[in-house]
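Thanks for squeezing me in, everyone. Let me put the structure up, and then I'll walk you through a few spots in it.

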Amino acid sequence: MAWTYDAIIGFSNGMLKGVELKKNKFKYLNLLDASLAQNNLSIYDENKVIITTSKNMLLYDLQKKKMCKKYIIRESGNIIGVFKKDNVLIAGVDNGMVVIKPIKQTKIASEKISTGSHLSCIREVLTLDKFATGGNENPLKIWDLETKKVEFTAKSPKPDMLQLKLPCYVSDIQFFNNNKAVVAHRHGVVDLHDPLSSQRRPVASCKAENTGFVSLRTMPDYSDYEVIVGSSKGCIYHYDFRGKSTLPVKTFRGSTGSVKSVSCINYLNQMHVMSISLDSHIRLHDLNSGKLTMQDYIVGKPLQLLIKPDKLYN
């Protein structure tokens, strides 16, 4: 396996860094120098990652430390996310189109699905041949990859006490092992949806005041009810949908910039929350105590955090 480090950080200038967790410190390995405008990073397999620019999907070989394949998306918008499913790459574009690109048979025309305007997020459903989309005034939708049809569309939240329409701006989507969906919103609300029920509105919701949510992580093998959410003002929140309160179980502090990506990792046999933020720092918090275990300054504007699969608690 070429992935010998605990995590990979992608930067907006195209730089990639491998991160190893040592006792009380981070160790870095330069994988790729700044060379392109990166807007997303995802796992392809145990040896490769997918780097996306506005129009291209690039496969980067971690062992050979070089690009090995390029796929072009011919759409008017920019790519906002991509994932690999069997023999295809599935890319979301901010104009609302989802493009299904064959990996090997490049001469075959790509299939396209229109998911609605202002798309900002696309995610694979963990255990099914489905994917989810959402965006600005574009609520959670779950699509069947085989039929290319939508199977679930979330309803807008109920109006407030003044009967004013509440905003809908999906920033991130994740799934539990029971296929329930968690949706983070830029207006500081995180919703739990059950696509198998007849209810289209959230079955549970949690919120934070005066901030927006920009990143999200579930912990499927650890809990089917707990989530970690990164905010636009630097705080990281731990929510439990089983509780009666809509407030967080705990708050992880220390960041002064928007938390771009957050995940969970096993460090010294304890579950920790790893995050990167726009104040150019990487941080590690103890999940149980909420205390900051360690942090470090990283040169550049971090964009995405990938955790080595066997280090994940999901």
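Okay, let's begin with strand S1, residues 7-11: S1 runs antiparallel to S28, and five bridges join the two. If you want one specific pair to click on, take glycine 10, whose bridge partner in S28 is glutamine 304. Oh, and before I go on, keep in mind that this is a predicted model.

So what sheet does that pair belong to? It's an open sheet of four strands, ordered S3-S2-S1-S28, with antiparallel pairing. On the edges you have strand S3 (25-32) and strand S28 (302-307), each of them pairing on one side only. Ignoring direction, neighbouring strands in this sheet are turned by 25° against each other on average.

Next, scroll along to S19. Strand S18, residues 189-193, pairs with S19 in the antiparallel sense, this time over four bridges. Aspartate 191 sits opposite serine 205 of S19. S19 itself, residues 204-207, has two faces: Ala204 and Cys206 are on the covered one, while Ser205 and Lys207 are on the uncovered one.

Just past that strand there's threonine 211, in the loop between S19 and strand S20 (213-218). Buried or exposed, threonine 211? Buried, because its relative accessibility is 11% and the cut-off for buried is under 20%. And what is threonine 211 in contact with, if you leave aside neighbours within four places in sequence? Arg186, His187 and Gly188, then Ser231, Ser232 and Lys233, plus Tyr237.

Now the backbone people can wake up. Most residues other than glycine have a negative phi. Here are two that don't. Histidine 118 has a positive phi, near 55°, and is found in the loop between strand S11 (111-114) and strand S12 (119-124). Leucine 268 isn't a glycine either, and its phi is positive at about 55°. That leucine 268 lies in the loop between strand S24 (259-267) and strand S25 (270-277). Leucine 268 counts as exposed, because its relative accessibility is 56% and exposed means over 50%.

Last stop, the surface. Which residues form a nonpolar patch there? Met161, Leu162 and Leu164, with about 400 Å² of accessible area together. Leucine 164 is in the loop between strand S15 (150-153) and strand S16 (170-175). At 47% relative accessible area, leucine 164 comes out as partly exposed.

That's my tour, so over to you for questions.

Technical notes. Residues numbered from 1 in each chain as written. Predicted model: local features only at pLDDT ≥ 70, side-chain atom pairs only at ≥ 80, totals over all residues. Heavy atoms only, no water. Patch = residues over 30% accessible without salt bridge, like charges linked within 9 Å, V, L, I, M, F, W, Y side chains within 5 Å. Areas by Shrake-Rupley, 256 points an atom, 1.4 Å probe, with all protein chains shown as cover. Salt bridge = Lys/Arg side-chain N within 4 Å of Asp/Glu carboxyl O. Buried < 20%, exposed > 50% of the residue type's maximum accessible area, 1.4 Å probe, protein only. Pairing = 2+ DSSP bridges. Axes fitted to C-alpha atoms, helices over the stretch in contact; angles between N-to-C directions. Contact = heavy atoms within 4.5 Å.
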